[in-house]
Amino acid sequence: MTFCQIAPESATKKAIRFLFVGAVLSMTACSEVIRSHGYTPSQVDLDLLEIGVDTEESVATAIGTPAFSSATEEREWYYLSSTVREYAYRHPEIIDRQLVAVSFDGDGTVSNVERFGLEDGRVIALNRRVTDVVVKSPGLIRQLLGSIGNITSDDLADGP
């Protein structure tokens with residue numbers, strides 16, 4: 001027997017190794033995954049904004065452009081971020097959500113800065129209203145047949 005020769009592994013050692021690898025893989029499959037989406041500026045960055053002084057351009061330079069903005073006459077920029085915990089087969093759980101709203105007045109200067117958290121939110125039930133009665137419009141043939149009796153001799157006598 002040479003010095004570098006290795007003895008074959010027994011079936012028991014193979015089974016133990018297989019179970020150990022299986023246990024490690026199953027434990028990692030059940031570990032939680034934390035996912036972060038979006039961006040909200042820190043409170044330190046928001047404290048640098050001056051109401052009545054900063055403009056849209058200076059806000060974009062200081063804290064970045066928003067995720068979305070309002071479509072109304074009153075300009076508002078919204079920064080939104082959320083943190084979600086996913087654990088194996090369970091439904092994802094929102095563990096943090098932040099919304100920063102920066103409002104601008106008619107001149108384009110900052111009029112208000114607000115921060116809302118998950119604790120400030122509330123569940124809003126969305127209702128979908130659908131009309132039960134189906135409104136049918138008359139088809140082309142029905143319109144043509146319906147107009148046959150409505151033509152008078154005066155309509156035919158009038159020329160261009």
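**Exercise 1.** Which residues are linked in a network of salt bridges? Work with the predicted model shown above, and describe the salt bridges of the structure one pair after another.

*Solution.* Begin with the total, which is four salt bridges when the whole structure is searched. Next, look for residues that connect to one another through such pairs: Glu32, Arg85 and Glu93 form a linked network of salt bridges. Within this group, the side chains of glutamate 93 and arginine 85 meet at 3.3 Å, N to O. To judge how open this pair is to the surroundings, recall that a residue between 20% and 50% relative accessible area is called partly exposed; glutamate 93 has 41% and is therefore partly exposed, and arginine 85, with 29%, is partly exposed as well.

Then turn to the salt bridge between glutamate 86 and arginine 35, whose side chains come to 3.1 Å, N to O. This pair joins distant parts of the chain, since glutamate 86 belongs to strand 3 and arginine 35 to strand 1 (residues 32–38), with their positions 51 residues apart. Glutamate 86 has a relative accessibility of 26% and so counts as partly exposed, and arginine 35, at 39%, is likewise partly exposed.

Finally, consider the salt bridge of arginine 75 and glutamate 56, where the side chains are 3.3 Å apart, N to O. Arginine 75 sits in the loop between strand 2 (68–69) and strand 3, while glutamate 56 is part of helix 3 (residues 56–63), so this pair ties together parts that lie 19 residues apart in sequence. Arginine 75 is partly exposed, because its relative accessible area is 31%.

**Exercise 2.** Is serine 81 buried or exposed, and what does its side chain contact?

*Solution.* First locate the residue, which lies in strand 3 (residues 76–87). Its relative accessible area is 15%, and because buried means under 20%, serine 81 is buried. Now look at the side chain itself, which makes a polar contact of 3.2 Å with the side chain of threonine 40. To complete the surroundings, set aside the neighbours within four places in sequence; serine 81 is then in contact with His37, Gly38, Tyr39, Thr40, Asp96, Arg97 and Gln98.

**Exercise 3.** How do strand 4 and strand 5 run relative to each other, and how many bridges join them? Continue from there to the loop between these strands, and describe threonine 109.

*Solution.* Strand 4 (residues 93–104) and strand 5 (residues 110–117) run antiparallel and are joined by seven bridges. One pairing can be followed residue by residue, for phenylalanine 104 has valine 110 in strand 5 as its bridge partner. The hairpin made by these strands has five residues between them, and glycine 108 takes a positive phi near 90 degrees there.

Threonine 109 is also found in the loop between strand 4 and strand 5. Its relative accessibility is 14%, and so threonine 109 counts as buried. Its side chain is joined to that of aspartate 105 by a polar contact of 2.9 Å. When residues up to four places away in sequence are left out, threonine 109 touches Gly52, Val53, Asp54, Thr55, Ser103 and Phe104.

**Exercise 4.** Which residues form a nonpolar patch on the surface?

*Solution.* The patch is formed by Phe20, Val21 and Val24, which together have about 270 Å² of accessible area. Take valine 24 as the residue to examine further: valine 24 belongs to helix 1 (residues 11–29), and its relative accessible area of 36% makes it partly exposed.

Technical notes:
Residues are numbered from 1 along each chain as its sequence is written. This is a predicted model: local features need pLDDT of at least 70, side-chain atom pairs count only at pLDDT 80 or more; totals for chains, interfaces and linings use all residues. Side-chain values use heavy atoms; hydrogens and water are left out. Two strands pair if DSSP finds at least two bridges between them. Helices (H or I, at least four residues) and strands (E, at least two) are DSSP runs, numbered from the N terminus. Buried means under 20% relative accessible area, exposed over 50%, partly exposed in between (1.4 Å probe, protein chains only). A polar contact is a pair of N or O atoms within 3.5 Å; within protein, one must be able to donate a hydrogen and the other to accept it, and residues adjacent in sequence count only if both atoms are side-chain atoms. Contact means heavy atoms within 4.5 Å. Patches are made of residues with over 30% relative accessible area and no salt bridge: like charges are joined within 9 Å, nonpolar side chains (Val, Leu, Ile, Met, Phe, Trp, Tyr) within 5 Å. Accessible areas come from the Shrake-Rupley method with a 1.4 Å probe; for residues, only the protein chains shown count as cover.
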